[in-house]
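Here is a short briefing on one structure. It is grouped by topic.

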Amino acid sequence: MSAAQREPSFSVTLIIAGLVATLVGYASSAAIVFQAAAAAGATAQQIGGWLTALGLAMGISSFGLSIWYRQPILTAWSTPGAAMLATSLHGITLPQTIGIFLFTNALIVLCGVSGLFARLMKVVPQAITAAMLAGILLRFGLGAFAGLQVDLALCGAMCAAWLLARVLLPRYAIIVTLLTGLLLALARGDLHIAQPLMTLRWPEAVMPEFSLSALLGVGLPYFLVTMASQNAPGIATLQAHGYQPPVSSLISWTGLIALLLSPFGGFSVCIAAITAAICMGDEVHPDKQRRWVASAIAGVFYLLAGLSGGAVALLLTALPPTLIHTLAGLALLGTLTGSIQRALEQENSRDAAMITFLITASGITPGGIGAAFWGLFAGAVAWRLLSLRPRN
């Protein structure tokens, strides 16, 4: 019997991976959701409702899809999409914004049901998708140590704890790192809540309005950004870890959940990349066929956060940014290493993989579309052209 078979199917590392994924998912980009909702003219109570709707949506989808497909399928809101909304919704009313959500999520459902997105993902070699994932994760890896410049004590203590735990308790390194960061932050009084918890409320439906100029000017670009910069990396992350996700079904289900919750501020439900990768490392479980438990547990944490009426989301955003960045970078270090290794494994695809990696890591956004899409596109084109080279 192998070590992976002897390992229990449910362990504390699976729970911690799910908790860290939820923590990073909320704390790293919830502020962007606040900005997007504020740009749409939402009140403080409505913003809390948006976070509640998103928490419930991600909880239901992550838990349900992970259990059904037995793969670590974690969902997330579209962070690039939220960033785009935060800068594009000025002058557009809240009802028109809800109309944009309905329009965009209906297009995503159509994309999933038609199988178009799945066909596009099939033509991209796995070395390219692994290189794209590595390019995305590089920024998180760098962020793990950038905190040494900002907060030497906190970042240094967490890095030292992680390194020591990797020697003595390698399976529990992230647990030790998280506890170290939390204890130090509490001891220094570094938790800062930006607004009162009592302002948060349950979601309330807003009757949509449909403006052709808003749908074409904001809705279509938002759809492209969501599919190219969130769903594509999410699917690529699963594929890069050796899973064969049912692409069309995942896009259809996540799009449908977002469509139903659009009137309540559920602007998007997408396949996660960064937080999902936290649930896919070897340290989570030696048997990759059991790592879906971690993403299902993350779904439970998202549900709890959603049921709190948005209060948990606000509490998570009160954590010091250095703690979140250091924790995320260290949690993803193994995944980054594996992605680089897979990207460069085959000699005939290394040039194309490096192009993908560098463009993705550059963070460029031509046309408002994220670097992950352009890295994937350029790498696929380069791979195709370089495959025409005469063989010696």
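Val123 is exposed, at 58% relative accessible area, where exposed means over 50%, buried under 20% and partly exposed in between (1.4 Å probe, protein chains only). This is a predicted model: local features need pLDDT of at least 70, side-chain atom pairs count only at pLDDT 80 or more, and totals for chains, interfaces and linings use all residues. Residues are numbered from 1 along each chain as its sequence is written, and side-chain values use heavy atoms, with hydrogens and water left out.

**Loop residues**

- Val123 sits in the loop between H7 and H8. Helices (H or I, at least four residues) and strands (E, at least two) are DSSP runs, numbered from the N terminus.
- From Val123 to Thr43 the C-alpha distance is 44 Å, with their positions 80 residues apart in sequence.
- Gly91 belongs to the loop between helix H5 (79-88) and H6. Its relative accessibility is 82%, so Gly91 counts as exposed.
- Gly91 and Ala214 are 123 residues apart in sequence, and their C-alpha atoms are 9.8 Å apart.
- Arg70 is in the loop between H4 and strand S1 (75-76). Arg70 has a phi near 55 degrees, a positive value in a residue other than glycine. With 43% relative accessibility, Arg70 is partly exposed.

**Second largest pocket**

- The volume of the second largest pocket is about 430 Å³. A pocket is an open set of points on a 1 Å grid over the protein atoms alone, with protein on both sides within 12 Å along at least five of seven lines. A volume is the space filled by probe spheres set on the points, and grid points are joined across faces, edges and corners.
- The lining has 18 residues; Phe117, Leu120, Ala228, Phe373 and Leu376 lie nearest the centre of this pocket. Lining residues have an atom within 4 Å of a point.
- Helix H7 (116-122), helix H11 (212-240) and helix H19 (371-386) are the elements that give two or more residues to this lining.
- By class, the lining of the second largest pocket has 18 nonpolar, no polar and no charged residues. Here Ala, Val, Leu, Ile, Met, Phe, Trp, Tyr, Cys and Pro count as nonpolar, Asp, Glu, Lys and Arg as charged, and the others, Gly among them, as polar.

**Largest cavity**

- A search of the whole structure turns up one cavity of 30 Å³ or more. A cavity is a set of grid points where a 1.4 Å probe fits but cannot get out.
- The largest cavity holds about 50 Å³ of space.
- Its lining is made of Gln46, Gly49, Trp50, Leu94, Ile98, Pro203, Glu204, Val206, Phe264 and Gly265.
- Helix H4 (44-69) and helix H6 (94-114) each supply at least two of these lining residues. H4 gives the most, with three residues.
- This lining divides into six nonpolar, three polar and one charged residues.

**Helix H9 and its cover**

- Helix H9 (residues 152-168) has 17 residues and reaches 24 Å from first C-alpha to last, close to the 24 Å expected at 1.5 Å a residue. The expected span is 1.5 Å times one less than the number of residues.
- Which residues of H9 are buried? They are Leu154, Cys155, Met158, Cys159, Ala161, Trp162 and Ala165. These residues cover an arc of only 160 degrees around the axis, which puts them on the same side of H9. The arc is that of the directions from the helix axis to the C-beta atoms.
- An α-helix has 3.6 residues a turn, so residues three or four places apart point the same way.
- Leu152, Leu163, Leu164, Val167 and Leu168 are exposed on the other side of H9.
- The cover over the buried residues of H9 includes helix H8 (126-150), helix H10 (173-188), helix H16 (321-331) and helix H17 (333-343).
- Thr322 is in helix H16 and is buried, at 11% relative accessibility. Leaving aside neighbours within four places in sequence, Thr322 is in contact (heavy atoms within 4.5 Å) with Gly147, Val150, Asp151, Leu154 and Cys155.

**Helix H10**

- The 16 residues of H10 should span 22 Å at 1.5 Å a residue, and its end C-alpha atoms are 23 Å apart, which agrees.
- Buried in H10 are Ala173, Ile174, Ile175, Thr177, Leu178, Gly181 and Ala185.
- Gly189, just after H10, has a positive phi of about 70 degrees.
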